[in-house]
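Biologist: Thanks for sitting down with me. Could you walk me through this one, starting from a single residue and working outwards?

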Amino acid sequence: MYNSIIKGTGYYVPENIVTNDDLSKIMDTSDEWIQERTGIQQRHFATKGKDTTTNMGVRAAEMAIAKANINKEDIDFLIFATLSPDYYFPGCGVLAQKELGLNTIGALDIRNQCSGFVYALSVADQFIKTGMYKNILVIASETQSPALDLTTRGRNMAVLFGDGAGAVILSRTEEVGKGILSSHLHSEGAYAEELAIITPGVGKKWVTELIKENNPEDISYFPHMNGQFVFKNAVVRFSEVIVEGLKHNNLTEKEIDLFIPHQANLRISQFIQQKFKLSDEKVFNNIQKYGNTTAASIAIALAEAVEQKRIKENDLVLLAAFGSGFTWGSVVIRW
Ligand code: COA
C-alpha cells in the first residue's frame with residue numbers, strides 16, 4: 001500500500017468583490033447583521049461571460065500543477081467537485097480535462113456540496129493507496145452567485161455564499177506515516193431537503209414545466225435552507241467526525257497543528273475551536289473574505305494556508321466539512 005501526499009495547492013477567486021454594504025443596497029440587510037451572525041465581510045462573485053465553474057477550477061489547477069512541479073502529462077486522473085456545474089451534463093470534470101489539454105485520463109465528478117472537497121480527497125486517496133494512480137488532480141469550484149435570490153426574499157441565503165475555486169495535486173509516496181492518514185465520510189439523506197435547490201429536476205418539476213407555469217411565486221429554483229436546523233446539525237457532526245478522525249489515528253486534539261474547517265459560518269468554526277480548545281493560530285478561517293464557497297472552501301483555505309506558511313513539514317492538519325445532503329467528513333493529514 002502507498003500513501004498520498006498533497007504535492008501542490010492552488011486557488012482562484014473572481015475579481016469582482018461584493019461587500020456587505022453592496023448587498024444592503026439591493027436587499028434589506030446590513031453589514032452589522034451579516035458580520036454578527038456569520039463573520040462574513042465580503043465575497044467574490046463571478047462575472048458573466050468571464051468566470052465559469054470550469055475555468056476558475058482550471059486556473060486553480062494550473063497553480064497547483066506549477067507548485068507540485070509536475071508536468072500535465074504526469075496527471076493520471078482528475079476529480080472535480082461542485083454543486084454549480086456549467087452544464088446540467090456532462091460534468092465539469094471533462095470540461096476541465098479539455099481546457100487543461102490533458103489526454104484521455106478519467107474524469108470523475110463529485111456532487112457532495114460543502115463536503116465535496118473532503119469526499120474528493122478521500123476518493124483520490126483510495127486510488128493512490130491501491131497503486132492504481134500516481135498523481136491525481138482534485139479540483140473544487142463553485143459559481144453560486146447566479147443561483148441566489150438577491151432580493152430581501154432570499155436574504156438568509158444570499159448573504160452567505162461566494163464564488164471561487166481551489167485545487168490540489170495528490171501524489172503517491174512510499175514514506176510511511178506521511179500524507180493522508182485517514183478520511184471519514186458520512187451522510188444523512190433524511191435531511192436532503194433542509195438545504196437544497198429542488199428544481200429544475202426530474203423529481204419535482206422539470207425546467208419546461210417551470211417555464212410553462214411561469215409562476216413568480218414559485219421560488220423552488222432558488223436555494224432553500226432551514227438555517228437554525230443546519231447550524232445545530234453542523235456543530236454536532238463537525239465534532240463527531242473530528243473525534244472519529246483523531247481516535248482512528250490514536251491522536252488527541254492537542255496534537256492538531258492546523259484545523260481547516262469548511263467555511264460555512266465563522267460562528268460554527270469558533271464553536272468547534274472552543275470545544276476542542278484550539279488556539280487562534282491553530283484554526284484557519286478566511287470566510288471573512290470569501291463567504292461560503294461550498295466545495296471550494298477548504299481547497300481555497302488549504303492553498304492560502306500553504307501560501308501563508310501556516311503549515312510546516314510533519315504538521316498534523318485536520319480538514320472537516322458539513323453541508324447539504326446532509327453530508328459530512330474529515331481528513332487527517334501528516335504534512
Ligand atoms: N439580513 C438581515 N436580516 C435577516 C437576514 C439578512 N441577511 N436573513 C435573515 N434575516 C432575519 C430573519 O428574517 C429573521 O427575522 P425575524 O426575526 O423578524 O423573523 C431574523 O433575521 C433571524 O433569522 P434567522 O434565520 O432565525 O437567523 P439565525 O440566527 O438562524 O441566523 C444564519 C441565520 C443563516 C446565519 C444561521 O442560521 C446559520 O448560519 N445557519 C447555518 C448556515 C450554514 O452553515 N449553511 C451552510 C452549511 S454548509
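Modeller: Happy to! This is a predicted model. A good place to begin is L319: setting aside neighbours within four places in sequence, L319 is in contact with F117, L121, I260, I298, L302, G329, S330, V331 and I333.

Biologist: Nice start. Which strand is L319 found in, and what is its relative accessible area?

Modeller: L319 is found in strand β12, which covers residues 316-323. Buried means under 20% relative accessible area. L319 is buried, and its value is 0%.

Biologist: How far apart are the C-alpha atoms of L319 and G329?

Modeller: G329 is among the contacts of L319. The two lie 10 residues apart along the chain, and their C-alpha atoms are separated by 8.3 Å.

Biologist: F117 and L121 were on that contact list too. How many residues of α5 are buried?

Modeller: α5 runs over residues 116-129 and has 14 residues. F117 and L121 are among its buried residues, as are G116 and V118. The helix is largely enclosed by the rest of the structure, because the number of its 14 residues that are buried is 11.

Biologist: And which residue with a positive phi follows α5?

Modeller: The phi in question is near 90°, and the residue is G131.

Biologist: One last thing: why is C114 in no disulfide with C92?

Modeller: A disulfide needs sulfur atoms within 2.5 Å, and a search of the whole structure finds 0 of them. C92 is buried at 0% relative accessibility, and C114 is buried at 8%. The sulfur of C114 is too far from its closest cysteine sulfur, in C92, for a bond, because the distance is 16 Å.

Notes. Residues numbered from 1 in each chain as written. Predicted model: local features only at pLDDT ≥ 70, side-chain atom pairs only at ≥ 80, totals over all residues. Heavy atoms only, no water. Buried < 20%, exposed > 50% of the residue type's maximum accessible area, 1.4 Å probe, protein only. Helix = DSSP H or I, 4+ residues; strand = E, 2+ residues; numbered from the N terminus. Expected span 1.5 Å × (residues − 1). Contact = heavy atoms within 4.5 Å.
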